[in-house]
Amino acid sequence: MTEVDIILPRKNFDITISETFDDGITGIFGPSGSGKTSLLQAIAGLAVPKSGYINAGGRVLLDSRNRINVPVEKRRVGYVFQEGRLFPHMTVEKNILYGYKKDAGNGVRFNEVVKLLNLGHLLKSRPWQISGGERQRTALGRSLLSSPDILLLDEPFSAVDTRLRSQILPFIIKIQQKIRIPILVVSHDMPDLLKLTNKLCIIKEGCCLGYGEYYDLLKIKQALEITGAGTLVNAVNMKVTLTGEGSGMTILEWEENGHKVEVKCGKSSGAYTKGQELKIFIHADDIALSTKRLTDVTIQNQLKGIVTDIIGCGSTMLCIVDAGFRLVVEITAESCRNMNIEKGGTVWCLFKSVAIDITG
């Protein structure tokens, strides 16, 4: 766990955050200028709070009451800036090895990081000779070899295009699965964060409006005003059970406690293999609700579920449906009334196979 309880003065407002972040990946989300980067800088020691306490990886990094403030170079915090900040005169290999601690920390070795991040063919290249995604992976490798107790990623996707983002995202997930250190990721792009994790911290004007699971945060009005500013997205971990090269359809399965849910996906079926774990994404407004299962319809996916919450969101309503995993569905208030959709009621979630996006 990572404990943060700080007051950090800033020009327009103070950063006042008191939160304990679980291990794993946590997304830090909020408007520009809300204090997301300041939070990371305080953990890294690049910004000094007026008062507070920070404990990362079981080590106290800051305790103002006891006059403890561990220097930046001794904090064992990996920090990846949005532009990478590689040394331009060094090769990729030398950039990765900068700060390498052979006998410290998590036991990660150079060859292991190179393989994990697919950097072997780039080792003799210089930063200006490689792509934005490759530079970000190099920066990640350098941070990992410093044997950090925690990894901080500040807008790691802002400098790269959509194609390169799709390269970086799986590597971050692999890193956490392999190294098992907490990772805090700052981004103003909700879909990007949900591709990594459903555990979020919502920040506005230096304050944490909520920390927890994505679907639970939608119930907090102030947090919903921020998370719901764009199209809401569902993110679900699933496993490939069948790839149909002839039909162009991939069959995905979610299972927990003996309960199975099957989903058909009509995108890029040839790119996946049976047993592969991945994450699917469905926009909340791409899902329709029905009070019964439909026949003679081209929609491939019809999932039965129970409405657990109904949340007002301007002129629309957000229905949280438990279909084994949770889905948020955006419908009009008029539809909600006409269909008599109520909390505790049974509905069918309908969405086309081509409405599903995949990462993994």
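Visitor: In this predicted model, which side chain meets that of K219 in a salt bridge at 3.7 Å, N to O?
Guide: A salt bridge needs a side-chain nitrogen of Lys or Arg within 4 Å of a carboxyl oxygen of Asp or Glu, and the pair that includes K219 has an N to O distance of 3.7 Å. The lysine, K219, is partly exposed at 43% relative accessibility, and its partner is likewise partly exposed, with a relative accessible area of 33%. The partner in this salt bridge is D216.

Visitor: How many residues apart in sequence are the parts that D216 and R326 tie together?
Guide: The side chains of D216 and R326 meet in a salt bridge, with 2.8 Å from N to O. Because D216 lies in helix α7 (residues 214–217) while R326 lies in strand β19 (residues 326–332), the pair ties together parts of the chain whose separation in sequence is 110 residues.

Visitor: Is R326 buried or partly exposed?
Guide: Buried means under 20% relative accessible area, and exposed means over 50%, with partly exposed in between. The relative accessibility of R326 is 26%, so R326 counts as partly exposed.

Visitor: Which residues do salt bridges that share partners join into one network with R326?
Guide: D216 meets R326 in a salt bridge, and D216 also meets K219 in one. Through salt bridges that share partners, the network that holds R326 also takes in D216, K219, D309 and K343.

Visitor: Where does K199 lie, given that its side chain meets that of D22 in a salt bridge?
Guide: The salt bridge between D22 and K199 has an N to O distance of 2.9 Å. D22 is partly exposed, with a relative accessible area of 33%, whereas K199 counts as buried at 17% relative accessibility. D22 lies in the loop between β2 (15–21) and β3 (25–29), so the pair ties together parts that are 177 residues apart in sequence, with K199 placed in strand β10 (residues 199–204).

Visitor: Why does S146 count as buried?
Guide: S146 has its place in the loop between α4 (132–144) and β8 (150–154), and a polar atom of its side chain lies 2.5 Å from the backbone oxygen of S143. Since buried means under 20% relative accessible area, S146 counts as buried because its relative accessible area is 17%.

Note on methods:
Residues are numbered from 1 along each chain as its sequence is written. This is a predicted model: local features need pLDDT of at least 70, side-chain atom pairs count only at pLDDT 80 or more; totals for chains, interfaces and linings use all residues. Side-chain values use heavy atoms; hydrogens and water are left out. Helices (H or I, at least four residues) and strands (E, at least two) are DSSP runs, numbered from the N terminus. Buried means under 20% relative accessible area, exposed over 50%, partly exposed in between (1.4 Å probe, protein chains only). A polar contact is a pair of N or O atoms within 3.5 Å; within protein, one must be able to donate a hydrogen and the other to accept it, and residues adjacent in sequence count only if both atoms are side-chain atoms.
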